[in-house]
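Good morning, colleagues, and thank you for your attention. I should like to present one structure today, beginning with its surface and then turning to its interior.

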Amino acid sequence: MDNGLAPRETWPALMASAQAGDRDAYTQLLRAIVPVIRAIVRKQIADSILVDDVIQDVLLAVHRVRHTYDPDCPFLPWLMAITQARTIDTLRKRGRHWQRETDEEHAAEFVAEHSPEQDEREETLALILDQLPSRQRQIVEHIHLQEMSLAEAAVRNNLSVSAVKSLLHRALTNLRRMGANHDRS
């Protein structure tokens, strides 16, 4: 069945050509991956408008990080990681948006919780994080403060998921060590 789309086995070569500046190859690749992205996203999101928004986000992310793709590696897992990260990000944002719309009674509690003591804790946290090496600090901020998934943080930092896990582990070990040293002093 010829649907006019580039077959999956050609995707690595198309991306390699796109990385070298071949616009036609890039257009062929993008046309071919949209149905795959749509299928992945539809497994988690039913709203067709939201699905289209996520597809656009994925295509933008692919464009932004296309230089990170290694043509010697399978293309589909790379694409799936980006798609999953964008889908999860959208679901998180939507959840926060929905929560803001439906939980208005909690607004007063939030205002009460955001006190000078809260500001002081945030400043202390910033000072502690500033003691970490920059890559470790970035990973902690992305995962724990911005609530990114490991895959999202990997894409954002141009790292593998295992490298993100390793940096996060080292950062948390350093933070525990700093806390233990602070407790002794």
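What does the accessible surface of the chain come to, and what percentage of it belongs to carbon and sulfur atoms? The accessible surface is about 12100 Å², and carbon and sulfur atoms account for 54% of it.

Please bear in mind that this is a predicted model. The average pLDDT of the chain is 79, and 75% of the residues score at least 70. Over residues 97-114, however, the pLDDT is below 50, and this stretch has 3 contacts in the model beyond near neighbours in sequence.

Let me turn to the overall architecture. The chain contains 9 helices and 0 strands. Of its 185 residues, 30% are buried. If we consider contacts between residues at least 6 apart in sequence, 59% of them join residues at least 24 apart.

I shall now take helix 1, which spans residues 11-19. Its buried residues are Trp11, Pro12, Leu14, Met15 and Ala18. Why do these residues lie on the same side of helix 1? They do so because they cover an arc of only 160° around the axis. As a general point, an α-helix has 3.6 residues a turn, so residues three or four places apart point the same way. Just after helix 1, glycine 21 adopts a positive phi of about 105°.

We come next to the interior. The largest nonpolar core has 29 residues, and those with the most contacts inside it are Trp11, Met15, Ile33, Ile37, Phe75, Trp78 and Leu79. At least two residues of this core come from each of helix 1, helix 2 (23-42), helix 3 (48-65) and helix 4 (75-102). Apart from this core lies another, of 12 residues, with Val140, Val164, Leu168 and Ala171 among them.

Which residues does tryptophan 78 touch, not counting those up to four places away in sequence? They are Met15, Val62, Val65, Arg66, Thr68 and Tyr69.

My final example is threonine 87, which is found in helix 4. Is threonine 87 buried or exposed? Its relative accessibility is 0%, and therefore threonine 87 counts as buried. The side chain of threonine 87 reaches the backbone oxygen of threonine 83 at 2.8 Å. Leaving aside neighbours within four places in sequence, threonine 87 is in contact with Val41, Gln44, Ile45 and Val54.

That concludes my presentation, and I thank you for listening.

Technical notes. Residues numbered from 1 in each chain as written. Predicted model: local features only at pLDDT ≥ 70, side-chain atom pairs only at ≥ 80, totals over all residues. Heavy atoms only, no water. pLDDT = per-residue confidence, 0-100. Contact = heavy atoms within 4.5 Å. Buried < 20%, exposed > 50% of the residue type's maximum accessible area, 1.4 Å probe, protein only. Helix = DSSP H or I, 4+ residues; strand = E, 2+ residues; numbered from the N terminus. Arc of directions from axis to C-beta. Core = buried A, V, L, I, M, F, W, Y, C linked by side-chain atoms within 4.5 Å. Polar contact = N/O pair within 3.5 Å; in protein donor to acceptor, adjacent residues only side chain to side chain. Areas by Shrake-Rupley, 256 points an atom, 1.4 Å probe, with all protein chains shown as cover.
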